[in-house]
Amino acid sequence: MNILFIIFILIISSIIIKIYLRLTIVKCNSQMCLIGKTALITGANTGIGYEIALDFAKRGARVILACRNEQKANEACRKIINGTGNENVVVKLIDLSSFASVRAFVEDVKKSEDHLNILVNNAAVLEVGLNSLTEDGNLLVMQVNYFSPFLLTVLLTDLMRKSKSSRIINLTSVMARVAHGFNVNKMGNAVGTLNDYGITKLCMILFTIELARRLDEREITTYSADPGLVNTEIFKQTPSNMHNLAKFFKRFFFKV
Ligand SMILES: NC(=O)c1ccc[n+]([C@@H]2O[C@H](COP(=O)([O-])OP(=O)(O)OC[C@H]3O[C@@H](n4cnc5c(N)ncnc54)[C@H](OP(=O)(O)O)[C@@H]3O)[C@@H](O)[C@H]2O)c1
């Protein structure tokens with residue numbers, strides 16, 4: 001009887017959550033023409049970054065796919081060009097786990113582009129359970145999700161100032177809300193937990209707010225965007241029990 005009651009409560013709660021998600025999901029239906037605009041999206045070969053790149057290409061933008069894996073990036077580029085008919089889509093390589101790579105990437109962008117209207121800091125890793133260090137001596141999740149997007153953004157702001165009304169969009173996560181123990185002086189103490197991922201996303205939100213304060217909003221505006229739960233490759237970077245949990249819930253709670 002008790003078990004039946006618990007199952008009943010679980011089913012009812014799930015249905016309520018599902019209805020809540022249905023009613024609160026917001027979809028961007030903008031048809032704003034982006035011809036003449038240049039957009040740069042990190043991690044654009046898959047997942048949310050790919051969909052953003054596809055949408056911008058459909059609307060006529062010049063799109064720079066900033067990716068670490070050349071083969072995957074070229075495949076995505078071909079798919080976007082074939083799917084949209086927009087041939088103004090290019091691949092540029094960047095590895096966010098290396099500051100040298102970020103700097104070389106920016107030099108490359110500055111050589112080929114005379115303006116940049118949209119920067120989407122999308123690429124990130126979850127890497128729960130991994131505490132590997134980068135060549136720069138930082139925890140991978142901290143460098144890929146926060147330090148490198150920070151560096152990339154700062155290095156690109158001059159180029160972005162050249163066009164009116166440029167935008168910087170930083171992808172965040174609900175995990176930022178539950179992140180705890182954040183200490184700006186102890187960011188090197190992270191050990192690769194889900195909480196550390198949340199901390200990187202909290203850092204991105206704080207960074208976005210500070211950017212908004214420092215930049216002239218007539219030139220560049222900044223945004224944090226939480227995409228909600230989306231079924232992407234990112235959940236493969238979790239221990240198998242979490243991955244299985246994500247697989248179980250994805251049909252019910254994930255957006256796609
Ligand atoms: N999916 C969700 O439910 C969810 C929820 C909240 C927030 N988000 C945020 O949304 C953004 C996109 O996530 P997603 O779910 O689309 O993830 P995803 O499918 O795993 O895609 C992540 C992208 O980042 C790239 N990347 C990883 N490490 C990199 C590095 N060192 N240098 C350059 N690129 C690197 C990946 O490249 P490879 O393909 O080569 O690995 C991939 O293109 C992330 O910021 C994530 O935190 C996602």
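**Notebook: Arg161 and the strands around E2**

I began with Arg161, which has its place in helix H5. I note at the outset that the model I am reading is a predicted one.

**Entry on Arg161**

I looked up how open this residue is to the outside, and Arg161 counts as partly exposed because its relative accessibility is 34%. I then asked which side chains Arg161 meets in salt bridges. One of them is Asp158, with 3.0 Å from N to O, and another is Glu219, with 3.2 Å from N to O. The second pair links distant parts of the chain, since Glu219 sits in the loop between H7 and strand E6 (220-225) while Arg161 is in helix H5, 58 residues apart. The first pair is a different case, because Asp158 and Arg161 are three residues apart in helix H5 and are therefore separated by about one helical turn.

I also checked Glu219 itself, and with a relative accessibility of 23% it counts as partly exposed. Taken together, Asp158, Arg161 and Glu219 are linked in a network of salt bridges. I added one distance for the same region: Arg161 and Arg218 lie 57 residues apart in sequence, and their C-alpha atoms are 9.4 Å apart in space.

**Entry on the other salt bridges**

How many salt bridges does a search of the whole structure find? The search finds eight. I picked out one of these for a closer look, the bridge between Asp55 and Arg59, in which the closest N and O atoms are 2.7 Å apart. Here I compared the two partners: Asp55 is partly exposed because its relative accessible area is 26%, whereas Arg59 counts as buried because its relative accessibility is 13%, and buried means under 20%.

**Entry on strand E2 and its neighbours**

Next I turned to E2, and I asked how many of its residues are buried. The strand is mostly covered, with six of its six residues buried. In a regular strand the side chains alternate between the two faces of the sheet. I therefore looked at each side of E2 in turn, and found Arg62, Ile64 and Ala66 buried on one side, with Val63, Leu65 and Cys67 buried on the other, so that both faces are covered.

I then followed the strands that pair with E2. Strand E1 (residues 38-42) runs parallel to E2 and is joined to it by five bridges, and in this pairing Ala39 stands opposite Val63. From E1 the chain crosses through helix H2 (residues 47-58) to reach E2, and this β-α-β crossover is right-handed.

With strand E3 (residues 89-93), strand E2 (residues 62-67) also pairs in the parallel sense, over five bridges. Two places in this pairing can be found in the structure: Ile64 stands opposite Val90, and Cys67 stands opposite Leu93. I noted as well that E2, helix H3 (residues 70-84) and E3 make a right-handed β-α-β unit.

**Entry on the nonpolar core**

In soluble globular proteins, nonpolar side chains tend to be buried together. I looked for such a grouping here, and the largest nonpolar core has 33 residues, with Leu40, Ile94, Phe105, Leu119, Leu152, Leu156 and Ile168 having the most contacts inside it. The elements that give two or more residues to this core are E2, helix H4 (99-112), helix H5 (140-161) and helix H7 (194-214). Which element supplies the largest share of the core? It is H5, with ten residues, and this is also the helix in which I had found Arg161.

**Entry on the surface patch**

Finally I looked at nonpolar residues on the outside. Ile3, Leu4, Ile7, Ile11, Ile15, Ile19 and Leu23 form a nonpolar patch on the surface, and together they have about 720 Å² of accessible area. I followed Leu23 a little further: this residue is found in helix H1 (residues 2-24), and Leu23 counts as exposed because its relative accessibility is 70%, where exposed means over 50%.

Note on methods: Residues are numbered from 1 along each chain as its sequence is written. This is a predicted model: local features need pLDDT of at least 70, side-chain atom pairs count only at pLDDT 80 or more; totals for chains, interfaces and linings use all residues. Side-chain values use heavy atoms; hydrogens and water are left out. Patches are made of residues with over 30% relative accessible area and no salt bridge: like charges are joined within 9 Å, nonpolar side chains (Val, Leu, Ile, Met, Phe, Trp, Tyr) within 5 Å. Accessible areas come from the Shrake-Rupley method with a 1.4 Å probe; for residues, only the protein chains shown count as cover. A salt bridge is a side-chain nitrogen of Lys or Arg within 4 Å of a carboxyl oxygen of Asp or Glu. Helices (H or I, at least four residues) and strands (E, at least two) are DSSP runs, numbered from the N terminus. Buried means under 20% relative accessible area, exposed over 50%, partly exposed in between (1.4 Å probe, protein chains only). Two strands pair if DSSP finds at least two bridges between them. A crossover is right-handed if, with the strands pointing away from the viewer, the path from the first strand over the helix to the second runs clockwise. A nonpolar core is a set of buried Ala, Val, Leu, Ile, Met, Phe, Trp, Tyr and Cys residues joined through side-chain atoms within 4.5 Å.
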